[in-house]
Amino acid sequence: MKIALACQSILLEKSLEMFLKTYIYPYKQCDFVISDRHIEIDKPLFYISSENSDLDIPFSKSSLILSIEKFYNNISKESSQIKTT
């Protein structure tokens, strides 16, 4: 699992870097992007916000990891289904 960060909030981005340091990669090498705002990108977006998001603020490290793993598994399944058709 390779993750890039694109957060508007510096505090959130630093927290994510601390929690996910072994998973952080540059955008070109990542599987998906975590952001606190909707952005137009060509990769899957894991959205963190206070409403209508993949993960609500505030969150714990364990809830972050569980949500990211679930998100990654879903995009991996979708990717493998596209490749087989």
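Leu5 stands opposite Ile34 of strand β2 in this predicted model. The partner strands here are β1 and β2 (residues 32-35), which pair in the parallel sense over three bridges. This pairing belongs to an open sheet of four strands, arranged in the order β1-β2-β3-β4 with parallel pairing. At the edges of the sheet lie β1 (3-5) and β4, each of which pairs on one side only.

A helix accompanies these strands. Helix α1, spanning residues 10-19, lies across β1, β2 and β3. Relative to β1, helix α1 runs at about 155 degrees.

Turning to the loops, two backbone features on either side of β4 invite a closer look. Before β4, the loop that follows β3 (45-49) holds Asn52. The phi angle of Asn52 is near 50 degrees, a positive value in a residue that is not glycine. The side chain and backbone of this residue can be placed in terms of solvent as well: Asn52 counts as exposed because its relative accessibility is 72%, and the cut-off for exposed is over 50%.

After β4 comes the second feature, a cis peptide bond that joins Ile57 and Pro58. Omega for this bond is about 0 degrees. Pro58 itself sits in the loop between β4 (55-56) and helix α2 (61-84). The edge strand β4 is thus preceded by the loop with Asn52 and followed by the loop with Pro58.

Methods:
Residues numbered from 1 in each chain as written. Predicted model: local features only at pLDDT ≥ 70, side-chain atom pairs only at ≥ 80, totals over all residues. Heavy atoms only, no water. Buried < 20%, exposed > 50% of the residue type's maximum accessible area, 1.4 Å probe, protein only. Pairing = 2+ DSSP bridges. Contact = heavy atoms within 4.5 Å. Axes fitted to C-alpha atoms, helices over the stretch in contact; angles between N-to-C directions.
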